[in-house]
Every structure is written in C-alpha cells, then in structure tokens.
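Visitor: Hi, could you walk me through this structure? I am new to this, so plain sentences would help.

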Amino acid sequence: MLDLLTIGTDNQISQDSIEGIKKEFGLNSCRKHGSNYDFNEVFTKNGEHFFCLRTGPKFPNNPQASLWINPSRFTSHAEVRSIVIPLMGSDCFLNRIDFCSDLSVDHSEILARVRVKNKRKRTDYDSGARATGQYYGKRSHIIVIYDKAYQLQKLGARETFVRSKIKPTTLTRIEVRLNKYKSMETNFNKLETYQDYDPFKQVEIVDFDISENFKEKERFKAEYLRELSSKIGFHQAYKTLNSDNNFSKTWSRFVSSSTLNNQLRETHFKSLSKYFGE
C-alpha cells in the first residue's frame, strides 16, 4: 500500500485554500516550528494526524512548500486528490513516495530470513533493549524492515493515535522509500502508473531447508547457515558467506523462496487496487 507521499509545488499556497480544506473535511490545525522550515502546519481530525503542510524552505533551491500525506488514512485516491490539487496546484510533483506491506510474523524471524538484493549497507536501530528495525541502502532508495507491533504499542502508550484501535502483538512492516531521483514517475497526476510497479522486487524472504537426505557435512553447513542467520540476520549472513562470490554454488541449496514473498506482494497490490478504486 501507499504509506507516504511528499508532494512539492513551486506555487504559493493561499490561506483561502487552506481554510477551504479545513472546512470541507472538518479539520483542526496547529503550527509547529521546525529546524528546516519556518513552520509546519499539522492538520488533525478527531485527534488523528491528517496531513502536514511545510512552508518557508531553509534552502533557496527547495520547493516553496511541501505536503506530507499518508494515503492509507483515506478511503480513495480521489479523496487525496481533493486535498492535494486545491492546495498544491495541478502541476505539483512527487518528492518522495513510500510503499509498505505488513506480515503477521515476528520481526526477529523476518530478520533471520530476509535479504535485500543489491543493498550492501544495513543500519540497525533499537529500543534500547533489542533491535526493532533495519535500514537497507542509502538516502535515495531505502528499504526499512521494522517491528510495527512495537511501534503501535509505543504510540498507543503515548496516546497519540485513536485509543480504541486494537494493537497487534506480532506484525512486521516492510517499507520502501523512493525519492524523486529514484522514482519512475514524479508527476502527482500520474500516480496511477505505480499500480503495476513492484516495490519489493529486491526483498527476498527464504525458508531454510535441512533435508533428511543431506549427508553429515551438508547438514552441518545447512544448520550453520540457519544458526548464523538467526544471530546476525540472513542479509548479513549472505554477505559474510558470499565474500568470494560463491554463495549460489556453495550455500543456495540450503534455502528456498518463502511463500511470504507472494503474501507480501498480494497484500500490497490488493491495497493499491482498493485505493485507486479498481
């Protein structure tokens, strides 16, 4: 599903258009000063974050304003357009687009079984007690895998979101973040072209295969791969064992593609189809 759109414009945003959107959707707003912008205007409804409008760029080459909006909080793309176009103008453009899909699998298990192809750099972050997420790649194209259940529980504890929502105890989110330099389309009016785009093509989730027919040496290697992956993650294990570019020959027979790969994509495309009204 679409998780975040950052939309830029070179147009001036009028106060009349802001007030019109607030009235139409029954929104409240407050201004918050930020380090990179003169202010952020945060729009909320019934206590929930609706979207954020940023104006007054710190750097001259930045767009005059940008809108941060989460499409998953809306019923359809038509509803999002009814906010974006009046505020940003018909010539607005995408600065960043995030896709995500959730799996009802523990984050630690996903970490032990996932590899992100063509991404050497992995950065971990934690809650202080354990790892809760990983970044793969660099700024223009980042894949994030994190413990969504932990995040929801933490947000619930801070009482930032609707309190009546049931928080899952096991949920891992895989998120793909593309900025405008890596996006295939930056025209907001052509966002529908992403309906056939697979943002998770670099994500590979595996099952470990330890066959009863393996000889003792093969079984030892298969168990070693699984144990190493459980400690440092399959991504890092692959990187370590592929130092001689020989993983596919020596180790690949001990893993197979997981059905979670299909589930990841099916969830995403089903959500997109619903969002675009197909």
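Visitor: What covers the buried residues of helix 5?
Guide: Please keep in mind that this is a predicted model. The cover over the buried residues of helix 5 includes helix 3 (107–113), strand 12 (203–208), helix 6 (234–241), helix 7 (247–250) and strand 13 (255–257).

Visitor: And which residues in helix 5 are buried?
Guide: In helix 5, the buried residues are K221, A222, L225, L228 and S229. Looking down the axis of helix 5, one finds its buried residues within an arc of 130°, so they line one face of the helix.

Visitor: What is exposed on the other side of helix 5?
Guide: On that other side of helix 5, the exposed residues are E216, F220, S230 and K231.

Visitor: How many residues does helix 5 have, and what does it reach from its first C-alpha to its last?
Guide: Helix 5 covers residues 216–232, which makes 17 residues, and it reaches 24 Å from the first C-alpha to the last, close to the 24 Å expected at 1.5 Å a residue. After helix 5 comes G233, whose phi is positive, near 95°.

Visitor: Changing topic, how many disulfides does the count come to?
Guide: The count comes to zero disulfides. A disulfide is a covalent bond between the sulfur atoms of two cysteines.

Visitor: Why is there no bond for C52?
Guide: The cysteine sulfur closest to that of C52 is in C30, and because it is 9.0 Å away, it is too far for a bond.

Visitor: Is C52 buried or exposed?
Guide: C52 is buried, with a relative accessible area of 8%, and C92 is buried as well, with a relative accessible area of 2%.

Technical notes
Residues are numbered from 1 along each chain as its sequence is written. This is a predicted model: local features need pLDDT of at least 70, side-chain atom pairs count only at pLDDT 80 or more; totals for chains, interfaces and linings use all residues. Side-chain values use heavy atoms; hydrogens and water are left out. A disulfide is a pair of cysteine sulfur atoms within 2.5 Å. Buried means under 20% relative accessible area, exposed over 50%, partly exposed in between (1.4 Å probe, protein chains only). Helices (H or I, at least four residues) and strands (E, at least two) are DSSP runs, numbered from the N terminus. The expected span of a helix is 1.5 Å times one less than its number of residues. The arc is that of the directions from the helix axis to the C-beta atoms. Contact means heavy atoms within 4.5 Å.
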